[in-house]
Structures are given as C-alpha cells and as structure tokens.
Amino acid sequence: MDEGLRRIRIVLVGTTHPGNIGSAARAMKTMGLTDLVLVDPQRFPSAEATALAAGADDILSSARIVPGLDEAIRDCIWVTGTSARRRGHSVPPLAPEPVARDLFRRAGQGPVAIVFGRESSGLTNDELDLCNALVQIPTDPAFSSLNLAAAVQVMAYVCRAAALEHVERPPEYDPDPPATQHELEGLFEHYLRALVRIEFLDPEKPRHLMRRLRHLYLRAGLSASEVRILRGILTHTERGGGRPSNRP
Ligand code: SAH
C-alpha cells in the first residue's frame with residue numbers, strides 16, 4: 001500500500017504562503033504520501049513552513065523546487081488538476097473518490113500527480129491544459145474555495161482510503177507502458193508542426209484546435225507505443241504522404 005501512495009506526487013504551483021506548504025507536508029505525511037514538488041514558490045524554505053509542518057520536515061527537505069509545472073510532471077503517466085470552480089475551457093471535473101482510486105491504480109505503472117493552484121487565483125488555463133483530468137472537491141457552491149492545505153488533506157485522505165480498499169492494480173511489468181507527460185508533449189508539438197505544414201492550421205491562431213486535441217489525447221490515456229504510431233503517421237503526413245514504400 002505504502003509503495004503505491006509514495007508514487008502519488010503532490011505538486012503545489014506558485015504557493016504564496018509558506019505556512020500552506022508546511023501544512024500540506026503535514027497533511028501528506030499523515031496519509032503516507034511523501035513526494036512533494038513545489039513549482040516556483042514565493043518563499044521557501046521558510047521557518048513558517050517548518051513550524052506548520054509539525055514534524056513532517058523530512059517531506060519539506062526532500063521537496064523538489066522547479067520553475068514550471070511542465071518540469072514537475074514530465075515523468076508522470078497521469079496528472080490530475082484541482083479546481084475550486086468550473087472553468088470556461090476545461091473538461092468537467094470529477095469527484096475525489098473515483099479520482100483517487102484511478103490514481104492509485106495507475107500509480108502501479110509509474111508516477112502520477114495531483115496539482116494544486118495558487119491561493120489567490122488557482123491554476124491558469126495553460127496549466128490545466130497539462131492535466132489529464134480535473135477533480136473538484138464538492139463544497140457549498142456559495143463558498144467553494146478550500147484553503148490550499150485543506151484541499152491537499154482531503155485529496156491525500158481519499159488516496160489513502162483507496163489504498164486501504166486494496167484497489168486492484170495492473171501488474172508492475174507492462175509490455176506497452178503508458179506514455180509519460182514528456183512523450184505526450186512531444187506528440188502535441190509534432191501535431192502542431194504537421195498541421196501547420198499541411199495548412200490545416202493557421203500558425204497565427206493555433207490555440208483552440210490544439211487545446212481540443214490536447215484534451216482528446218490526454219483523456220484517452222495513450223500508451224508509449226500508441227504515441228509512436230501517431231507520430232509515425234504525422235511524419236508521413238508532413239512528407240506529403242504517398243505509398244508506404246516511400247517511408248524512410
Ligand atoms: N480563487 C481560486 C481559489 C484557489 S484555492 C480559484 O477559484 O481557483 C487554492 C487551491 O486549493 C486551488 O487551486 C485548488 O488546488 C485547491 N482547492 C481549493 N478548493 C478546492 C475544491 N473545492 N476542489 C478542489 N481543489 C480545491
């Protein structure tokens with residue numbers, strides 16, 4: 001159980017108050033989660049964070065600090081964003097319990113992440129676009145926003161509850177493992193190049209179509225070999241198609 005929980009990464013993006021980082025570390029440790037990544041925190045390390053960690057200092061001292069969300073999740077095979085409210089462009093959010101079961105199951109195959117936003121403004125649309133799925137903790141719609149560390153506590157708890165249910169996980173060895181976030185970004189960049197090349201897409205305004213394509217492929221949970229097949233098709237398309245014998 002603990003091994004699976006250790007593969008669930010908590011990512012805090014642009015945290016303003018160091019106390020929230022400390023409280024989040026404490027929330028994680030109580031539930032058996034250990035992998036904390038901080039994206040561009042405003043103040044860290046800090047005495048306030050250590051004080052509120054209340055003994056979870058080991059989580060703080062092993063936390064990685066990175067400049068952008070892409071770097072925090074590049075090795076992940078599934079990434080769930082969190083949001084206090086429904087956003088314009090985003091996919092419909094899911095409930096915490098099924099998300100936790102799904103994450104725990106997927107964690108058998110590689111690192112997975114739950115991403116939390118800034119205290120003041122949450123996650124940007126560009127950051128949400130990096131996520132495979134979105135979770136919303138059901139709160140009173142009239143007062144929907146939880147404190148950041150409280151949201152981490154709720155998600156860490158449902159992950160532990162999923163682990164306690166002994167959710168069945170796929171075998172550790174998979175001949176066709178899931179694609180990492182980094183491999184998917186390679187696919188999206190390739191798509192953009194190919195679609196511009198065949199003049200399906202105006203390079204001046206690629207955003208809407210690319211966002212739709214991202215959501216489609218992120219939701220699908222592609223394997224690494226499926227990504228290679230799609231990239232093979234794109235390479236062939238970029239070269240103007242033709243008989244398979246013309247392939248490199
Ligand atoms: N005004 C911001 C609130 C951010 S609260 C907004 O509306 O997005 C800080 C972070 O706590 C959020 O980015 C999210 O990661 C988490 N959070 C707060 N309430 C939540 C909820 N009901 N469901 C899921 N995550 C929540």
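**A guided look at the sheet, a buried arginine and the ligand**

Guide: In this predicted model, 6 strands form an open sheet in the order S3-S2-S1-S5-S4-S6, and their pairing is parallel. The model's local features need pLDDT of at least 70 and side-chain atom pairs count only at pLDDT 80 or more, while totals for chains, interfaces and linings use all residues. Residues are numbered from 1 along each chain as its sequence is written, and side-chain values use heavy atoms, with hydrogens and water left out.

Visitor: What makes strand S3 and strand S6 the edge strands?

Guide: Strand S3 (64-66) and strand S6 (133-135) each pair on one side only, where a strand is a DSSP run of E with at least two residues, numbered from the N terminus.

Visitor: How do you know that strand S1 and strand S5 pair?

Guide: Two strands pair if DSSP finds at least two bridges between them; strand S1 (residues 8-13) and strand S5 (residues 112-116) have 5 bridges in the parallel sense, and they therefore count as paired. Within this pair, Ile8 stands opposite Val112 in S5.

Visitor: Why is Arg214 called buried?

Guide: Buried means under 20% relative accessible area, exposed means over 50%, and partly exposed lies in between, with a 1.4 Å probe and protein chains only. Because Arg214 has 13% relative accessibility, Arg214 counts as buried. Arg214 has its place in helix H10 (residues 207-220), a helix being a DSSP run of H or I with at least four residues.

Visitor: Why is Gly55 called partly exposed?

Guide: Gly55, which is found in the loop between helix H3 (47-53) and helix H4 (57-61), has 49% relative accessibility and so counts as partly exposed.

Visitor: What makes the approach of Arg214 to Asp129 a polar contact?

Guide: A polar contact is a pair of N or O atoms within 3.5 Å; within protein, one must be able to donate a hydrogen and the other to accept it, and residues adjacent in sequence count only if both atoms are side-chain atoms. The side chain of Arg214 reaches the backbone oxygen of Asp129 at 3.0 Å, so the distance falls within that limit.

Visitor: Which polar distances link Arg85, Gly117 and Ser120 to the ligand?

Guide: A polar side-chain atom of Arg85 lies 2.6 Å from an oxygen atom of the ligand, a backbone N or O atom of Gly117 lies 3.0 Å from an oxygen atom of the ligand, and a backbone N or O atom of Ser120 lies 3.1 Å from a nitrogen atom of the ligand.
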